[in-house]
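Please open the structure in a viewer and keep the sequence panel beside it. The tour proceeds by selection, one stop after another.

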Amino acid sequence: MTDATGPEIVLTRHTQPAGPEIVTASAPVIEVDGRLFKNSSGSGTLLPYEDWRLDADARARDLASRLSIEQIAGLMLYSPHQLVPFEGRGPFTASYGGRPFAEAGVPPWALTDEQRRMLGEDHIRHVLLMTVSDAAVAARWNNELQALAESLPFGVPVNTSSDPRNGPAETAQEFKSAAVSVSHWPEGLGMAALFSPEACFEYASVISREYRALGITTALSPQADLGTEPRWLRLGDTWGPHSGLVTEYTRAYCDGMQTTPDAVGGWGLSSVATMVKHWPGGGTGEGGRDAHYAFGKFAVYPGENRDEHLVPFVRGAFALAGPTLASAAIMPYYTVSWGYGQPEGVAPRGNAYNTFLIRDLLRGEHGYDGVVCTDWGITADPAPVIESFGSRCFGVESLSEGERHLLAIDNGVDQFGGNSAVRPVLEAYGLLAGRDGEASARARFEASAVRLLRTFFRCGLFENPYLVPSESAALVGCAEFADAGYAAQLGALVLLKGASVVPQKHGQKVYVPVRTVGARPGFFRTIEPAREVDPWDSAAVDGRYSRADDPAEADFAVVFVESPLSEGGYSVADLEAGGNGYVPIPLQWRPYVAATAREHSIAGGDFREATADRGYRGKRVVCANAGDLDLVLAAREAMGDRPVIVVLRLHNPPVLGELEPSADALLVDFGVSQRAIWDVIAGAYEPSGLLPLPLPASMDAVESHGEDLGFDYEAYVDAVGNTYGFGYGLDWSGVIADKRTERFQVT
């Protein structure tokens with residue numbers, strides 16, 4: 001391809017009265033018993049894996065037996081993040097015929113040199129899609145990718161996956177996929193605020209169709225961790241701490257994503273395999289620190305509440321109500337789960353390396369036979385400093401890469417997230433064959449291949465992995481799906497205070513101050529510079545109000561704030577000043593001193609640290625967005641007796657004692673579009689959301705709670721006596737009490 005439009009892959013469609021449509025780019029089609037089959041092998045005879053009349057397991061076993069070890073090793077890898085096109089943004093680069101995209105003269109859906117090598121040389125068939133310019137480009141890129149795969153030995157197609165991509169708001173919790181033109185739904189806690197597994201099922205059913213129209217057949221979701229630790233970086237992507245609600249949501253999401261209506265066994269052309277994360281629950285990091293980083297690698301259980309964190313998996317993901325029966329895949333978290341099955345004399349290890357957690361508990365006790373895929377980047381050698389991104393071979397730093405892969409494979413792991421290097425997988429195979437014999441090693445690799453290949457057959461990829469770009473463009477983000485997502489966004493907003501203040505009549509002047517956010521380490525631990533954020537969105541306001549630059553001219557104020565932003569529990573400055581580097585994660589906007597934190601950490605130990613004590617008692621921190629509180633206080637003073645409405649973007653539950661008394665109304669946004677916020681303020685929609693987690697009364701309450709317990713800290717009580725606990729929310733009549741609050745209660 002050499003021009004901006006470029007020809008499409010030439011596809012041949014073979015329809016038949018009984019059986020699936022067969023679509024090919026290069027593979028021959030043969031007729032057997034009056035039926036048509038894609039002869040992906042090119043053998044001229046129908047092989048069992050090519051026979052769509054057989055079940056997915058039988059087809060997978062046949063194909064696995066035919067693949068070379070090198071080909072199976074490729075199946076066990078996951079590509080790095082793919083951008084379509086690769087335009088040289090951020091840390092990701094690629095080339096087109098040896099040149100950057102801007103100079104290559106190729107269309108945006110062209111395959112990169114790296115993608116061609118991934119498929120042709122490294123046998124990779126699991127590709128992680130991050131950004132794509134639009135649905136039609138995604139469909140064309142998918143067709144290019146699938147046509148290349150079809151031309152290679154055995155014609156094994158590509159299983160494209162995605163992180164969550166349907167959220168409408170920018171989030172800081174994790175590196176996410178771009179939304180493109182998909183329907184927009186609330187983020188995790190926002191969906192939970194609906195208190196409706198039925199809405200979660202609808203959500204999953206819609207986005208599964210959008211995913212398939214983008215060429216995506218595996219969702220790296222849901223995040224079924226119990227959100228018991230209020231300071232955790234990834235809390236906003238969970239469904240909260242209530243195990244009953246999270247379990248029902250997990251089941252509903254997996255059923256909605258995986259089930260093709262009326263398909264035999266539930267699997268079909270609208271099915272998307274789910275990869276539920278993170279076994280055995282990743283939300284208990286000590287002090288709220290996150291295990292993307294070595295300084296946050298320890299998950300602790302001071303409340304001995306391990307079993308409850310397994311409930312969303314065991315009673316949800318492994319016990320679906322629909323015909324697909326169980327989630328297709330499980331992802332363990334990075335964490336070292338402290339005191340969780342570590343043999344005496346063996347250093348604590350990350351979950352994928354923990355024999356008890358994977359082999360004995362997941363595979364053995366709970367009999368899970370789906371794919372187990374590691375979280376991203378756990379096999380590479382550790383970085384020399386602990387404050388780094390991507391240093392996650394926790395507890396096995398002394399092993400070689402090949403030995404790390406072998407340990408995980410011995411435990412029952414099938415796939416290595418974010419690892420596109422085949423060499424260490426083949427090294428692991430050599431070690432396994434040397435220890436147990438070639439036949440045994442081959443059988444173990446085939447077992448993983450079977451589990452991995454099932455999804456390809458279940459989703460119909462061998463018969464037709466191709467898309468019609470115009471149909472993809474028409475479906476993705478269509479009015480029906482967009483309206484459903486927007487309705488969920490409206491329902492996710494929680495009014496905590498001010499039922500007599502919201503709504504405000506149209507035609508008034510509103511004061512919306514500009515926010516300032518200080519510099520702080522970002523997700524990749526590089527310093528994000530200080531910035532100004534102007535929350536005013538004239539399109540979202542839609543002419544209902546005019547903006548007053550001076551609060552003296554305003555009829556009311558709307559102050560947009562977000563949860564306190566911090567360094568994530570680790571400070572290089574503290575380390576350089578002679579400390580251990582560990583600092584508190586504040587949930588308040590004013591400077592915080594951890595006077596009541598535990599004196600010594602529960603867990604610790606790292607070859608880069610002089611002490612195993614990660615305690616931070618007595619240390620002081622300042623959040624990066626302390627100016628948010630200043631805006632509220634200043635607005636209160638300037639507005640006098642005119643209303644001040646505070647809109648809180650909540651990714652972690654803040655201590656509201658500093659802010660709430662100055663707000664006449666308080667509206668919580670868990671990750672929705674600004675139009676939904678203004679619709680509530682303007683009275684176009686009556687708020688109906690409920691808090692999916694309690695808001696803490698104080699930082700002392702947070703410090704005294706156990707990271708594995710979700711309801712052991714005192715909840716905040718506002719000036720009029722309302723307790724901001726689980727299930728609390730207001731509509732315009734007062735405190736909401738309905739079937740949802742009866743259905744989900746804290747016992």
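The stops below take in a sheet, two helix pairs, an enclosed helix and several individual residues.

Before starting, please note that this is a predicted model.

**The parallel sheet**

Select the seven strands of the sheet, and follow them across in the order S5-S6-S7-S8-S9-S11-S13. The sheet formed by these 7 strands is open, and the pairing is parallel. Which strands lie at the edges? They are S5, residues 81-84, and S13, residues 371-372, each of which pairs on one side only.

Stay with the edge strand S5 and display its side chains. His81 and Leu83 point one way from S5, while Gln82 and Val84 point the other way. This fits a general pattern, in which the side chains of a regular strand alternate between the two faces of the sheet. Are these four residues of S5 buried or exposed? All of them are buried.

Next, add S6, residues 126-132, to the selection. S5 and S6 are joined by 4 bridges in the parallel sense. To see the pairing at a particular position, centre the view on Val84, which stands opposite Val132 of S6.

Further into the sheet, select S7 (residues 159-162) together with S8 (residues 216-219). These two strands run parallel and are linked by 3 bridges. Ser162 has Ala219 of S8 as its bridge partner.

**Two cis peptide bonds**

From S8, move along the chain to Pro222, which is located in the loop between S8 and helix H8 (243-258). The peptide bond from Ser221 to Pro222 is cis, with omega near 10°. A second case is found at Pro280, in the loop between S9 (273-279) and S10 (298-299). Here the bond from Trp279 to Pro280 is cis, and its omega is near -5°. These bonds merit a look, as most peptide bonds are trans.

**Helices H11 and H12**

Select H11 (residues 401-411) and H12 (residues 423-436). Their axes are 8 Å apart and the helices pack at an angle of about 65°; H11 and H12 are therefore roughly perpendicular to each other. The crossing of the two helices is right-handed. On the H11 side, the contact includes Leu406 and Ile409, and on the H12 side it includes Val425, Leu431 and Leu432. Charged residues take part too, among them Glu403 of H11 and Arg435 of H12. Taken by class, the contact has 7 nonpolar, 2 polar and 6 charged residues.

**Helices H1 and H13**

Now select H1 (residues 56-66) and H13 (residues 438-458). Their packing angle is about 135°, with the axes 8 Å apart; this makes H1 oblique to H13. The crossing of H1 and H13 is right-handed. Residues of H1 in the contact include Ala60, Leu63 and Ala64, and those of H13 include Val450, Leu453 and Phe457. The contact of H1 with H13 has 8 nonpolar, 1 polar and 8 charged residues.

**The enclosed helix H19**

Select H19, residues 674-681. How many of the 8 residues of this helix are buried? The number is 7, so H19 is largely enclosed by the rest of the structure. The buried residues are Gln674, Ala676, Ile677, Trp678, Asp679, Val680 and Ile681. To display what they pack against, add helices H15 (479-492) and H16 (538-541), as well as strands S15 (509-511), S21 (556-562), S24 (644-649) and S25 (665-669). Following H19 in the chain is Gly683, with a positive phi near 85°.

**Two residues with positive phi**

The next stops are non-glycine residues; most residues other than glycine have a negative phi. Select Asp33, in the loop between S3 (29-32) and S4 (35-38). Asp33 is not a glycine, yet its phi is positive, at about 55°. With a relative accessibility of 62%, Asp33 counts as exposed.

Then select Arg525, in the loop between S17 (520-521) and S18 (527-528). Arg525 likewise has a positive phi, of about 70°. Its relative accessibility is 11%, and Arg525 counts as buried.

**An exposed loop residue**

Finish at Glu344, in the loop between S12 (336-337) and H10 (355-365). Glu344 is exposed, with a relative accessible area of 82%. A distance drawn from its C-alpha to that of Leu587 spans 37 Å, and the two residues are 243 residues apart in sequence.

Terms used
Residues numbered from 1 in each chain as written. Predicted model: local features only at pLDDT ≥ 70, side-chain atom pairs only at ≥ 80, totals over all residues. Heavy atoms only, no water. Pairing = 2+ DSSP bridges. Axes fitted to C-alpha atoms, helices over the stretch in contact; angles between N-to-C directions. Parallel < 35°, antiparallel > 145°, perpendicular 65-115°, else oblique. Left-handed = near helix turned anticlockwise from the far one by under 90°. Contact = heavy atoms within 4.5 Å. Nonpolar A, V, L, I, M, F, W, Y, C, P; charged D, E, K, R; others polar. Buried < 20%, exposed > 50% of the residue type's maximum accessible area, 1.4 Å probe, protein only.
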